[in-house]
Structure formats: C-alpha cells, structure tokens
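Welcome! Let us take a friendly walk through this protein model, strand by strand and ring by ring.

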Amino acid sequence: MTIPRRSWRGAGALVAAAVVGLTGGVISAGPAVAHTPTWAVTCSEVTVDLTNYTSDVPNTVTVSVDGKDLLPTETFGREFHKKLALPDHDKPVTVRLVVKDADGDGKHSIDQTKTAEVCEEEPTPPPTEPAPSEPAPSQTPSTGTPEPSATPSDEPSESAPAAPAPSPSSPDLAETGSSSSTPVIGGAAVAVLLAGGGILWAVRKRRTAQG
C-alpha cells in the first residue's frame with residue numbers, strides 16, 4: 001500500500017512542531033532553574049554565593065544586620081561571592097539578604113533574613129604550673145691531700161707589737177725606796193747576822209769550857 005506524499009508532509013510537520021515545542025520548553029525552563037542564590041550565617045560571619053545570573057543586566061545585592069548595612073548595595077553580573085565578618089554582639093542579631101534580579105520581571109529576586117547567634121566563649125585553659133627544676137648536682141669534693149699549712153716561724157711576726165720601752169721620764173725605782181731585789185738583800189742580811197751570832201755564842205761557850 002502506497003502512502004500519499006501529502007500524508008508524509010503532514011507527519012513531518014507534526015514531528016517538527018513537536019521538536020520545536022519541546023526545545024522551546026527546555027529553553028524557557030532553563031532560566032527558571034539557572035539562578036542559584038545560596039547564603040549561610042554563623043555566629044561570626046555571613047557567606048553569600050550567587051551563581052548563574054544574567055550577566056548583561058545590573059543585578060544587585062545588599063546585606064544588613066539589625067537594619068544597619070553590613071554590605072551596602074553592590075551590583076554584580078553572572079556571579080557574586082562574598083564572605084563578611086559580623087560585628088561583635090552579645091545577643092542574637094538579624095541578618096537580612098536582599099538580591100534583586102534585573103532580568104525580565106525579576107522573579108528570582110530574594111529577600112530573606114536569618115539569625116546570628118552569640119558565639120560561645122572558649123573556656124580558658126587553666127594555667128600550667130612550671131615543672132620543678134632539678135637541683136644542680138653538687139661539686140664532688142676534692143680527694144687530693146690538703147697541703148700542710150706553713151710552719152710557724154720562731155721569729156716574732158713583723159706585725160706583732162714591740163714591747164714598750166721604759167719611758168725615760170719615769171721615776172727611778174731606787175728613788176721610791178723599794179725595788180724587786182729588796183726582800184732578797186734583807187733575807188741575806190738576817191742570815192749573816194744569825195750566823196755571826198751563832199759563831200760568837202759557840203766561841204764564848206768554848207772559852208768558858210777551857211777556863
């Protein structure tokens with residue numbers, strides 16, 4: 001059975017229309033899933049990553065903390081990547097991200113908020129006590145024989161004080177009527193007297209006996 005040419009042409013047109021329709025659907029769906037805005041908030045920083053945006057339009061991004069600009073409005077093209085440090089805070093703060101998509105009706109624009117908690121302080125480690133230092137080893141006493149001390153000299157030391165010489169102005173001992181030899185002289189005189197008396201007595205006794 002032969003199919004008319006007109007039928008072939010109609011079938012071809014239907015296939016072409018289906019391909020075009022499918023392609024158009026994919027192309028039109030592409031921009032809808034191409035934009036990828038991601039961002040994260042910690043207690044100390046904000047990270048923003050925007051990819052696959054239209055490069056030839058003035059897209060903008062803004063980041064604020066409790067209503068104060070952390071990142072003033074900045075224009076970007078296809079991509080935007082930024083890491084921002086949060087100011088010090090002692091209570092939770094609200095971080096807001098605003099992205100305006102300048103392509104078409106701006107349906108990929110976002111306006112989101114997240115909370116940044118207070119960072120927990122790391123515990124301070126206790127101070128470590130210094131290790132006790134080992135005492136230095138004492139020096140080993142010398143085993144050598146000690147040298148004998150110098151033999152004392154018989155001669156008086158030059159530093160010894162000399163005996164004081166009698167002062168020429170001192171009065172003579174004879175003038176005082178006494179001296180150290182006076183008792184000896186007196187004793188000898190007494191002995192002589194006694195001996196003389198004994199001799200006289202013996203002589204007299206002998207004469208008496210002879211007469």
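Which residue in β6 is the bridge partner of Thr62? It is Val98. Keep in mind, as you look around, that this is a predicted model.

**The sheet**

That pairing belongs to a wider contact: strand β3 (residues 59-65) and strand β6 (residues 93-100) run antiparallel and are joined by 6 bridges. Both strands sit in an open sheet of 4 strands, ordered β4-β3-β6-β7, where the pairing is antiparallel. At the edges stand β4 (68-76) and β7 (110-116); each has a single partner strand, so one side of each is left without a neighbour in the sheet. From one strand to the next, the twist averages 10°.

**The core**

In soluble globular proteins, nonpolar side chains tend to be buried together. Here, the largest nonpolar core has 20 residues, and those with the most contacts inside it are Val48, Leu50, Val61, Val95, Leu97 and Val99. Two or more residues come from each of β1 (36-41), β2 (45-51), β3, β4, β5 (80-85), β6 and β7. The element that gives the most is β6, with 4 residues.

Val48 makes a good place to zoom in. Leaving aside residues up to four places away in sequence, Val48 touches Thr38, Trp39, Val63, Phe80, His81, Lys82 and Leu97.

**The aromatic rings**

How many aromatic pairs does a search of the whole structure find? There are 2 aromatic pairs, and the table sets them out.

| Pair | Centre to centre | Angle between planes | Arrangement |
|---|---|---|---|
| Tyr53 and Phe76 | 5.4 Å | 75° | edge-to-face |
| Phe76 and Phe80 | 5.7 Å | 50° | tilted |

The pair of Tyr53 and Phe76 links distant parts of the chain: Tyr53 lies in the loop between β2 and β3, while Phe76 is in strand β4, 23 residues apart. Are these two residues buried or exposed? Both Tyr53 and Phe76 are buried, and Phe80 is buried as well. Together, Tyr53, Phe76 and Phe80 form one aromatic cluster. Phe80 is also among the residues that Val48 touches.

**A charge over a ring**

One more ring is worth a visit. Trp39, another of the residues touched by Val48, has the charged end of Lys114 sitting over its ring, 4.7 Å from the ring's centre.

Conventions: Residues numbered from 1 in each chain as written. Predicted model: local features only at pLDDT ≥ 70, side-chain atom pairs only at ≥ 80, totals over all residues. Heavy atoms only, no water. Pairing = 2+ DSSP bridges. Axes fitted to C-alpha atoms, helices over the stretch in contact; angles between N-to-C directions. Core = buried A, V, L, I, M, F, W, Y, C linked by side-chain atoms within 4.5 Å. Buried < 20%, exposed > 50% of the residue type's maximum accessible area, 1.4 Å probe, protein only. Contact = heavy atoms within 4.5 Å. Phe/Tyr/Trp six-rings, centres within 6.5 Å; stacked < 30°, edge-to-face > 60°. Lys NZ or Arg CZ within 6 Å of the ring centre and 35° of its normal.
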